[in-house]
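Reader: Could you take me through this structure slowly, and tell me each time what a word rests on?

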Amino acid sequence: MPRHKCFISYHHADDHAVRNFVDTFDHAHDVFIVRRLGEMPDDIINSSNTDYVMSCIRENYIRDSTVTIVMAGQCTWARRYVDWEIQASLRSGETITPNGLLGIKLPTFTKFPERFERNLEQPSQAGSYAGWIDYPQTLNQLESAIEWAFAQRNTHRQYIRNPRERFGYNQQCL
């Protein structure tokens with residue numbers, strides 16, 4: 001199976017779990033090629049201009065990836081950067097192919113971000129753009145899920161729900 005470049009979206013409180021995930025499935029077993037914000041010290045985007053931040057995320061991290069993996073823990077749903085990263089991942093156009101969207105439930109999972117939820121199967125439709133799995137127990141399980149998300153880019157694009165409005169601030173997570 002080909003290795004896909006995967007952008008990892010997560011809340012910094014889950015950094016330890018995300019590092020273990022990357023070490024296990026990318027560094028040790030080459031299931032995917034990781035792309036994530038915060039990997040290098042100069043990754044911090046120091047701006048209050050939302051459009052500029054979105055542009056930097058798209059151009060520097062998401063543009064050359066094909067699948068976005070949302071590592072969902074306790075408060076991931078409440079983080080504005082996660083919302084922005086999902087929005088940038090789902091952006092499509094004449095020359096822009098959206099990323100596949102895969103959620104992975106961490107042990108502390110409570111719920112998925114709203115923008116992610118909008119892209120899961122709804123009662124009124126026959127399919128979905130996004131999918132999720134519990135934390136993978138095998139390499140094959142993760143490979144299959146990434147391949148599924150990658151295929152959705154071409155077969156299920158009509159199910160993308162990506163409104164323009166986005167979080168201005170982090171939500172309160174209790």
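Reader: In which element does Asp15 lie, and what makes a stretch of chain a helix?

Author: Asp15 lies in helix 1, where the word helix stands for a DSSP run of H or I with at least four residues, while a strand is a DSSP run of E with at least two, both being numbered from the N terminus. Please keep in mind that this is a predicted model, in which local features need pLDDT of at least 70 and side-chain atom pairs count only at pLDDT 80 or more, whereas totals for chains, interfaces and linings use all residues. Residues are numbered from 1 along each chain as its sequence is written, and side-chain values use heavy atoms, with hydrogens and water left out.

Reader: Why is Asp15 called partly exposed?

Author: A residue is buried under 20% relative accessible area, exposed over 50%, and partly exposed in between, as found with a 1.4 Å probe on protein chains only. Asp15 has 22% relative accessibility, a value between those two limits, and therefore counts as partly exposed. The C-alpha atoms of Asp15 and Gln141 are separated by 22 Å, with their positions 126 residues apart along the chain.

Reader: How many aromatic pairs are there, and why is the pair of Phe21 and Tyr135 called edge-to-face?

Author: A search of the whole structure finds 8 aromatic pairs. Rings of Phe, Tyr and Trp (its six-membered ring) pair if their centres lie within 6.5 Å, and planes under 30 degrees apart are stacked, over 60 edge-to-face, and the rest tilted. The ring centres of Phe21 and Tyr135 are 5.9 Å apart, which is within the limit for a pair, and their planes stand at 70°, which is over 60, so the pair is edge-to-face. Phe21 lies in helix 1 (residues 15–27) and Tyr135 in the loop between strand 5 (130–134) and helix 5 (139–155), so the contact ties together parts that are 114 residues apart in sequence.

Reader: How do you know whether Phe21 is buried or exposed, and what about Tyr135?

Author: Phe21 has 0% relative accessibility, which is under 20%, so Phe21 counts as buried. Tyr135, with a relative accessible area of 23%, lies between the limits and is partly exposed.

Reader: What makes the pair of Tyr81 and Trp84 tilted?

Author: Their ring centres are 5.0 Å apart and their planes stand at 40°, an angle that is neither under 30 degrees nor over 60, so the pair is tilted. Tyr81 and Trp84 both lie in helix 3, 3 residues apart, which is about one turn of the helix. Tyr81 is partly exposed at 25%, while Trp84 is buried at 3%.

Reader: Which residues form one aromatic cluster?

Author: Phe21, Phe25, Phe32 and Tyr135 form one such cluster.

Reader: What makes you say that the charged end of Lys105 sits over the ring of Trp132?

Author: A charge sits over a ring if NZ of Lys or CZ of Arg is within 6 Å of the ring centre and within 35 degrees of the ring normal. The charged end of Lys105 is 3.6 Å from the centre of the Trp132 ring, and sits over that ring. In the same sense, the charged end of Lys111 sits over the ring of Trp77, 4.1 Å from its centre.

Reader: How do you know that Arg115 is buried, and which backbone oxygen does its side chain reach?

Author: Arg115, in helix 4 (residues 114–117), has a relative accessible area of 4%, which is under 20%, and so is buried. The side chain of Arg115 reaches the backbone oxygen of Pro163 at 2.8 Å.

Reader: What is noted about phi of Asp30?

Author: Phi of Asp30 is near 55°, a positive value in a residue other than glycine. Asp30 lies in the loop between helix 1 and strand 2 (32–35), and is partly exposed, since its relative accessible area of 41% falls between the two limits.

Reader: Why is Val70 called buried, and what about Val34?

Author: Val70, in strand 3 (residues 67–72), has a relative accessible area of 0%, which is under 20%, and is therefore buried. Val34 is found in strand 2 and, at 15%, also falls under 20%, so Val34 counts as buried.

Note on methods
A polar contact is a pair of N or O atoms within 3.5 Å; within protein, one must be able to donate a hydrogen and the other to accept it, and residues adjacent in sequence count only if both atoms are side-chain atoms.
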